[in-house]
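Before a label such as "buried" or "disulfide" is accepted, it helps to ask what stands behind it. The questions below take some of these labels in turn and set each one against its rule.

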Amino acid sequence: MLSHLFASLGGCKTRRMMRTSGLPAPPAVRIIHSGHACNVEDERYSERVYTIREGETLELVCLVSGHPRPQIRWTKTAGSASDRFQDSSVFNETLRISHIQRHQGGRYYCKAENGLGSPAIKSIRVDVYYLDDPVVTVHQSVGEAKEQFYYERTVFLRCAANSNPPVRYSWRRGREFLSQGSDKGVEIYEPFFTQGETKILKLKNLRPQDYANYTCTASVRNVCGIPDKSVLFQLSNRTASPTIKLLVEDPIVANPGQTVTLVCITSGGEPTPVLTWVRNAEDLPKKSVLNDGTLTIPAISTEEAGVYSCVASNNVGNPAKKSTNIIVRALRKGRFWITPDPYHNDDNIQIGREVKISCQVEATPAEELMFSWLKNGRPLRSSERMVITQTDPDVALGTTNLDIIDLKFTDFGTYTCVASLRNGGIPEISIDVNISSTTVPPSLTVPRGKSPLVTQEGDTVELQCLVSGKPKPIILWSHADKEAPMPDGSMQTESYDGILRIVNVSREMTGTYRCQTSQYNGFNVKPREAIVELIVQYPPAVEPVYTEIRQGLGRAFSLSCRVLRAHPSRVLKYEWKLGTRLLTVGQFDTRDETEYHVRALNREGYGAYTCDITNEAGAGRCTFLVTGKAFGPEFYYDTYSALWQNKPSVYGFKLQWTQMNPNAVDRIMAYRLGIKQTGQQRWWEQEITMEGTIQKGELLTYNLTELVKPEAYQVRLTPITRFGEGDSAERIIRYSAPVNPHWSKFHCNFEEEAICMFTQDKTEEFDWTRHSAATRDTKYTPNTGPSSDRSGSKQGYYMYIETSRPRQEGDKARLLTPLFNVAPKNPYGNVATNPTYCFSFYYHMYGKHIGSLNVYLRQKSQTGQDSSVWTLSGNQGDRWRQARIDIHPTSSFQMVLEGVRGPGIEGDIAIDDVTIEEGECRDPPPNSNLRSLAPPTAQHIWQLCLTLLLVLAGHRR
């Protein structure tokens, strides 16, 4: 059944090799892009800039190398204060944002780390391009305005649009294009802060022909394919700024539940103004109904009160605005307090002395508030001995006072303060205050045994203060030993019975609490207070809570469990167990940790060791899982020439890995190799026997052969020791078909959109562009660039550099071929002699501003600068020419074609029909301007196979 998957996996050979120190490599990282980028360029200070159109898909790929395989993390600094990338990170290679918005621009960082050296970090700044619809606003010159808006002599038309990059504006009157100096009656402002971009149109000494249709066009020069946008404004002798009328009273006083309707109409303005309603700086109520200029608020509530404004705008002059205040009647928070005779140092109420009863209510509107007093249910009027005042200047508004002069026995009784609003519609608030011989100021005490109060973490606890006196005041609870919020989040908690109830008490709540009487709903005297101490006990917090220890048989090791904190900290006991078997018990002295030693580990010693440390509140537990499992292998992703082809329909893969901490457990005797085709369920398995001891950093190799093209496979590797199977590691291996099946020759004519897996060098100022003469616009640069591809077809494609603005002299664009291997057909062979290849291409360099075309050889094994092998500068005429260069790579290589912009816009350089083939070039064409930098040819030519490596994640099949 598996024969169609693997022709001969059982015949694979193993090959082990020793990798010297230095095999583990710190991470290296670079960022490549895919998706819908408009342009990628470098700014100064090595900041890469990725330009993308708003609404497109951002896709950045972080390519990493290093061993062990580095962990990747994407982060972002905000492009604006409104977006913080949700303060989150993306933990995979590809960062993808669909429908990107302008606020998502900013600098994105890719960080890779594997524990070796410093983390590798690269960044790229994402610049989101956009263009909003332009808006034209019309203004008159200050000081020349008369009764009618457009009888003044000067008018300004201002065009504005939000954009990135900066927008450029142009004006038309009817079909006539307006420019500075084209009409004496028109002046076009170019303020310095817009960098010379037209923005304001001034009509001086308004003339009859100035009454016309004006079109403002906003443009970002088609960058990112963003089209121009226009807006039309009709200027006439009727054009006027808006005026409105508000058909409502100000203020509007309504009762809760009432429907309020606000009507706003336009009384002038051309074009017809647009009416909107706003509420303070908030949104309109969700239930409100807006119909043109009429705003209806059904069943209004006190929360919906406020200032509502009608705003009319037609982009002429300033918007018109008129407001009204909606007041919703309400009575809230009725309170009272009793003040004993202030002229005597006594908090008690006594016959013959003065006593004052105060009543306070919050009322809206405050001017409608009315108070009345009752004694024992009967109306009470102000007299010489019973003085009623409606407002106390010493306290907040909405207060009434009843002063009883020379208190008599007959004055004892129940006094009622009644608050109401003058126009009704709101229920009254009544507050009863009893004055009698038993009316006494409050006192506070803490019940016996309630302080200090000891409880355990997680319990429900009640802190209690006994309050006496009549009337009983409200009790306020707060922290006495620190400025901190109470469990309900407020700084003070009210209690009507003197009890503070805390559910699920925590250790942080330990401390002293203050209970005190409030100055309302009781006596207006110095507050009484008492202190309650709360002690929260909790079990020991220990470390480590859980850890895994890997050990081989016969080895000695120690386990240590440490107490971090506990309350109470005295009488701490410990108990060590292996599974359910008790090992040892003891009690702490002055130390805060306990250890258990294993002298020689045997098979029965594997398992879960626990250490329980207890106090009065409970126990804390350390758990140690002692196992002989081997650590997992770490696949080596930087294998040189991992993929090869030995038959047309199958391929081989060199699987390489190192073993993590191989000496931590018993010797690894074998690996269990599992392999399956991705997307299928069944695994094929075999064992790979290991001879001798694997050393740390040793590179292990196993060749997988006869893999069916173009399938991808999932590979699983599990180490095996005397203990059993260890941790597994998995990876995916993929087949990547070469661009050209002819192994002796590579050819690309750029007809396919994939451009034969050529890539752009993103470290330069701009990119090469794939183009055809059929779609080329010669309007701006007719005297440069080819009129067809190399074969003469106007529909054929080629690559060229566009030297128009914003390009500057010296800007470079680099195009890289795929990466080619220089390796024998035998996967384990060596390159004995430097081979020779012929690199040829056609070029077109026509125009008076032609710069330079350079060719470089880039080799994987060499660091530093690329090797220059060919260069040409200046105008070569309106024709295609061929260049041929002999190259002698010693390792995997790429060819780099570099176009350099000349002094002007007529400097387009094009290339086509790029070829690499084995052997020396035949009959190179003569060219007096050509300077070859290729080294002398080799004496011997070896027949080598030419394969393509994986070059871009975006080109995976």
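Q: What makes Cys359 and Cys417 a disulfide?
A: In this predicted model, the sulfur atoms of Cys359 and Cys417 are 2.2 Å apart. A disulfide is a pair of cysteine sulfur atoms within 2.5 Å, and therefore this pair, at 2.2 Å, is counted as one.

Q: Why is the disulfide of Cys359 and Cys417 called left-handed or right-handed?
A: The torsion about the S-S bond of Cys359 and Cys417 is about -75°, so this disulfide is called left-handed.

Q: What does the pair of Cys359 and Cys417 tie together, and are the two cysteines buried or exposed?
A: Cys359 belongs to strand β28 (residues 355-364) and Cys417 to strand β33 (residues 413-421), so the pair ties together parts that are 58 residues apart in sequence. Both Cys359 and Cys417 are buried.

Q: How do you know that Cys159 and Cys216 form a disulfide, and which hand does it have?
A: The sulfur atoms of Cys159 and Cys216 are 1.9 Å apart, and because the limit for a disulfide is 2.5 Å, the pair meets the rule. The torsion about the S-S bond of Cys159 and Cys216 is about -90°, so this disulfide is left-handed. It links distant parts of the chain, with Cys159 in strand β11 (residues 155-160) and Cys216 in strand β17 (residues 213-219), 57 residues apart. Cys159 and Cys216 are both buried.

Q: Why is the disulfide of Cys561 and Cys622 called right-handed?
A: The sulfur atoms of Cys561 and Cys622 are 2.0 Å apart and form a disulfide; the torsion about its S-S bond is about 70°, so the disulfide is right-handed. This pair, too, links distant parts of the chain, with Cys561 in strand β46 and Cys622 in strand β51 (residues 618-627), 61 residues apart.

Q: How do you know whether Cys561 and Cys622 are buried or exposed?
A: A residue counts as buried when its relative accessible area is under 20%. Cys561 has 0% relative accessibility and therefore counts as buried, and Cys622, also at 0%, counts as buried for the same reason.

Q: Why is Cys611 not counted as bonded to Cys561?
A: The closest cysteine sulfur to that of Cys611 is in Cys561, at 3.9 Å, which is too far for a bond. Because a disulfide needs sulfur atoms within 2.5 Å, the value of 3.9 Å fails the rule. Cys611 is nevertheless buried, with a relative accessible area of 0%.

Q: How many disulfides does the rule give?
A: By this rule the count comes to 7 disulfides.

Q: Why is Val563 called buried?
A: Val563 has a relative accessible area of 9%, and because the cut-off for a buried residue is under 20%, Val563 is buried. Val563 is found in strand β46 (residues 557-567), and its C-alpha atom is separated by 9.8 Å from that of Cys622, which is 59 residues away along the chain. Leaving out residues up to four places away in sequence, Val563 touches Pro540, Ala541, Val542, Phe588, Asp592 and Ile613.

Q: What makes a set of residues a nonpolar core, and which residues have the most contacts inside the largest one?
A: The members of such a core are buried nonpolar residues joined through side-chain atoms within 4.5 Å. The largest nonpolar core has 35 residues, and those with the most contacts inside it are Phe758, Phe839, Phe841 and Trp870. The largest share of this core, 5 residues, comes from strand β65 (residues 837-845). Apart from it lies another core, of 30 residues, among them Leu331, Met386, Leu421 and Ile435.

Q: Which strands are the edge strands of the open sheet with the order β19-β21-β24-β23, and what makes them so?
A: This open sheet has 4 strands with antiparallel pairing. Its edge strands are β19 (240-246) and β23 (289-291), and each of them pairs on one side only. The twist averages 20° from one strand to the next. β19 pairs with strand β21 (residues 260-270) in the antiparallel sense over 5 bridges, and Ile244 stands opposite Thr266 in β21.

Q: How many helices and strands does the protein have, and what percentage of its residues is buried?
A: The protein has 0 helices and 71 strands, and buried residues make up 47% of its 957 residues.

How values were computed: Residues numbered from 1 in each chain as written. Predicted model: local features only at pLDDT ≥ 70, side-chain atom pairs only at ≥ 80, totals over all residues. Heavy atoms only, no water. Buried < 20%, exposed > 50% of the residue type's maximum accessible area, 1.4 Å probe, protein only. Contact = heavy atoms within 4.5 Å. Pairing = 2+ DSSP bridges. Axes fitted to C-alpha atoms, helices over the stretch in contact; angles between N-to-C directions.
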